[in-house]
Amino acid sequence: MQISLQKILPVFFNAADVSHSQVWNQPVVFDEGANTHIIAPSGSGKTSLMHFLYGLRNDFTGEIKYDDTSIKDFDKEKKATLRQQTISIVLQDLRLFPDQTVYENIAIKRLLSTFHPVDKIAAMASRLGIQNKLQQLCGTCSYGEQQRIAIIRALQQPFKYLLLDEPFSNLDEANREKAMELIQEEASARKASIILADLKKIDYFNAGSILNL
Amino acid sequence: MQLSYQHIKPFLNTRQNTASRWMGYFGLGLGVILLLVSVQLYININVLLKDKNPRKDGYDYISVTKLISNENMAEAHSFSDAEIEEIKTKSFIQDATPLLANTFLVKASGSSAIPFTTDLFLESIDNRFLDTIPENFSWKQGQAIVPIIISADYLELYNTVFAPSKDLPQFSEKSISAVLIQLECYAPDGTAKIFKASVVGLSNRINSVLVPESFLTWANKTLGSNTNINPSRIFIKTTDANNSELLNFLQQKNYNINKDKTKFGRVKQLLQAIVSGLSGFGVLIILLAMLLFSFYLQLMIARSKDNLQLLLTLGYSPNWLSKTVAKRWVPVYTAIVLTALILAAIFQWAFQQFFLNNRSDLSPYLHWMVIIIAAVLLLLSIFINYRLVKKLLLKL
């Protein structure tokens with residue numbers, strides 16, 4: 001599996017304004033198994049890029065290809081299969097169900113396409129320090145806790161690419177490291193690539209290449 | 001663990017608007033009962049009002065004329081060849097033939113036994129339309145005696161009204177054949193041909209004075225003023241005089257028939273129209289209930305929009321979601337249609353037992369057609385529900 005970007009540019013961007021970018025309007029290839037760190041200051045389109053890659057939005061020119069198929073040609077069913085088997089994401093706005101418990105939020109993803117046995121949820125929660133929050137309503141958790149919930153949820157399924165959009169913005173240094181460690185372990189177990197976008201470089205992310213957006 | 005509706009149920013806002021959901025269920029049930037019962041009644045009417053008069057060969061023979069009203073009195077009331085051909089082509093009419101009438105003046109007078117004299121008319125019809133064909137009902141040129149078939153009603157009228165008032169003898173069906181009548185046929189120039197005639201048979205089917213076709217053809221040609229006169233009476237042969245298509249055709253053409261023959265048909269037409277209206281009303285209620293239910297679905301999906309959108313973002317397939325959400329109503333719809341079917345069956349049983357006092361010609365069970373309609377309704381509502389949910393989900 002390979003994801004390739006062929007000169008993509010959000011329709012609301014000017015090509016002249018992004019001439020310095022190593023992603024926009026450039027040919028980029030994300031090979032399976034290779035981690036990529038995208039460093040992006042505010043307003044450079046980091047979240048848009050993640051949405052484009054995950055097939056949430058199509059408002060860009062150029063092409064994003066999963067192997068030979070353009071993501072714009074994926075219908076809703078095909079996108080669903082892609083999200084179950086090939087690609088997982090931690091969105092910047094997290095997108096959790098506020099009225100469900102932390103456990104239910106994670107389990108609903110695990111049920112859809114299972115990679116781990118069910119007790120792994122508690123084990124992961126324990127590693128990230130939210131084990132006693134599992135039965136709490138998600139909406140009542142702090143933003144930092146919610147970030148960890150979203151990370152654990154993204155790690156329940158099989159994937160070849162894991163997209164992370166500022167996944168640690170509300171975590172302290174110790175928790176960032178723990179989360180990064182867990183994520184990299186999980187990616188290795190699947191021989192998967194991590195594409196992590198953040199405002200500045202994260203030192204403990206073992207990236208094969210660094211791209212400035 | 002297999003994913004099921006139970007897993008996504010917490011994400012759907014199903015508790016809202018229960019009143020409109022239950023109204024939808026109730027309306028659907030009511031509409032289905034109304035439709036099923038009226039279809040069953042339609043079938044009952046067909047069974048009960050079938051003409052059961054014994055018929056010799058399974059056909060009705062009916063005389064058709066053109067309706068004479070105040071508006072069209074001046075017009076010709078005869079049938080053209082095209083009109084006869086049109087009648088013959090109709091699938092509900094098995095055969096049709098014109099009644100040929102005399103085009104010359106005929107006078108009949110009795111012998112000394114029954115002294116009377118009268119102007120008369122003669123008609124002839126193809127032998128295949130006669131109920132009884134006496135052996136000697138034929139005529140060849142030169143034959144002095146013309147055989148006649150008269151309506152059995154005429155003999156009855158003669159015996160019961162005419163003969164007693166004039167002090168004339170009464171005749172049985174057999175003895176009438178012994179009476180010879182004198183037939184005087186006049187050409188327009190006044191020349192007359194005289195024949196003897198005898199009544200060789202009585203007809204219960206045709207109200208007329210019938211002579212063999214060969215005689216009338218010859219006499220019209222020899223004595224008649226106009227040989228190409230169109231017939232004003234047509235006899236038709238049909239398997240069911242109460243067939244609504246036949247009645248509609250006759251009505252539309254303004255043709256007149258013996259109402260006695262078709263009285264069942266008229267009642268049946270009226271009852272069937274009422275019952276059809278009732279089933280139309282049933283369909284209308286079903287449609288309204290489905291509409292109400294679709295509002296409930298739309299509201300539920302709109303209120304669960306964020307959750308459903310997030311499920312799709314997480315990778316839930318729209319197909320799976322619509323199927324799973326729609327499947328939730330399969331038992332509900334099944335229960336509604338089954339209840340309606342059971343109530344319709346109870347109705348039919350009670351109708352046969354109590355209203356018709358267990359009449360043997362009507363089954364106390366539902367007709368298979370009603371059961372098929374119920375099954376089709378069930379499948380249709382499940383399918384419509386699935387399409388609606390899917391459409392709403394894909395719009396998210």
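**Exercise 1. Locate N175(A) in chain A, decide whether N175(A) is buried or exposed, and list what N175(A) touches.**

Step 1: N175(A) belongs to helix 6 (residues 173-190) of chain A; helices are DSSP runs of H or I with at least four residues, strands are runs of E with at least two, and both are numbered from the N terminus.

Step 2: The relative accessibility of N175(A) is 14%, so N175(A) counts as buried. Here buried means under 20% relative accessible area, exposed means over 50%, and partly exposed is in between, with a 1.4 Å probe and protein chains only.

Step 3: Not counting residues up to four places away in sequence, N175(A) touches L128(A) and R148(A), where contact means heavy atoms within 4.5 Å. N175(A) and L128(A) are 47 residues apart along the chain, with 6.8 Å between their C-alpha atoms.

A word on the model before going on: it is predicted, so local features need pLDDT of at least 70 and side-chain atom pairs count only at pLDDT 80 or more, while totals for chains, interfaces and linings use all residues. Residues are numbered from 1 along each chain as its sequence is written, chains are lettered from A and ligands numbered from 1 in the order in which they are written, and side-chain values use heavy atoms, with hydrogens and water left out.

**Exercise 2. Do the same for F115(A) and T97(B): where is each found, and what does each touch?**

Step 1: F115(A) is in the loop between helix 3 and helix 4 (120-127) of chain A. With 34% relative accessibility, F115(A) counts as partly exposed.

Step 2: Not counting residues up to four places away in sequence, F115(A) touches Q156(A), Q157(A), P158(A) and R190(A). Between F115(A) and R190(A) there are 9.5 Å in space, C-alpha to C-alpha, although they are 75 residues apart in sequence.

Step 3: T97(B) is in strand 2 (residues 95-101) of chain B and, at 8% relative accessibility, counts as buried. Leaving aside neighbours within four places in sequence, the contacts of T97(B) include I125(B), F129(B) and I234(B).

**Exercise 3. Describe the domains and overall dimensions of chain B.**

Step 1: Chain B is divided into domain 1 (5-50 + 266-395) and domain 2 (60-239), with bounds from an automatic or database domain assignment. The C-alpha centres of domain 1 and domain 2 of chain B lie 61 Å apart.

Step 2: The C-alpha trace of chain B spans about 110 × 45 × 40 Å along its principal axes. Its radius of gyration is 35 Å, whereas a compact globule of 396 residues would have one near 21 Å. That radius is taken over C-alpha atoms, and the globule rule is 2.2 Å times the number of residues to the power 0.38.

Step 3: Chain B has 11 helices and 11 strands, and buried residues make up 45% of its 396 residues.

**Exercise 4. Which residues have the most contacts inside the largest nonpolar core, and which helix gives the most to this core?**

Step 1: A nonpolar core is a set of buried Ala, Val, Leu, Ile, Met, Phe, Trp, Tyr and Cys residues joined through side-chain atoms within 4.5 Å. The largest has 56 residues, and those with the most contacts inside it are I8(B), L311(B), Y316(B) and W329(B).

Step 2: Elements that give two or more residues to this core include helix 3 (102-112) of chain A and helix 2 (18-48) of chain B. Helix 2 of chain B gives the most, with 11 residues.

Step 3: Leaving aside neighbours within four places in sequence, I8(B) is in contact with I108(A), L311(B) and W320(B), among others.

**Exercise 5. Classify the aromatic pairs F195(B)–W218(B) and F351(B)–F355(B).**

Step 1: Over all chains there are 23 aromatic pairs. Rings of Phe, Tyr and Trp (its six-membered ring) pair if their centres lie within 6.5 Å; planes under 30 degrees apart count as stacked, over 60 as edge-to-face and the rest as tilted.

Step 2: The ring centres of F195(B) and W218(B) are 6.0 Å apart and the planes stand at 90°, so this pair is edge-to-face. F195(B) lies in strand 8 (residues 192-203) of chain B and W218(B) in helix 5 (residues 213-223) of chain B, so the pair ties together parts 23 residues apart in sequence.

Step 3: F351(B) and F355(B) are stacked, at 5.2 Å centre to centre with 25° between the planes. Both lie in helix 10 of chain B, four residues apart, about one turn of the helix. F351(B) counts as buried at 14% relative accessibility, whereas F355(B) is exposed at 61%.
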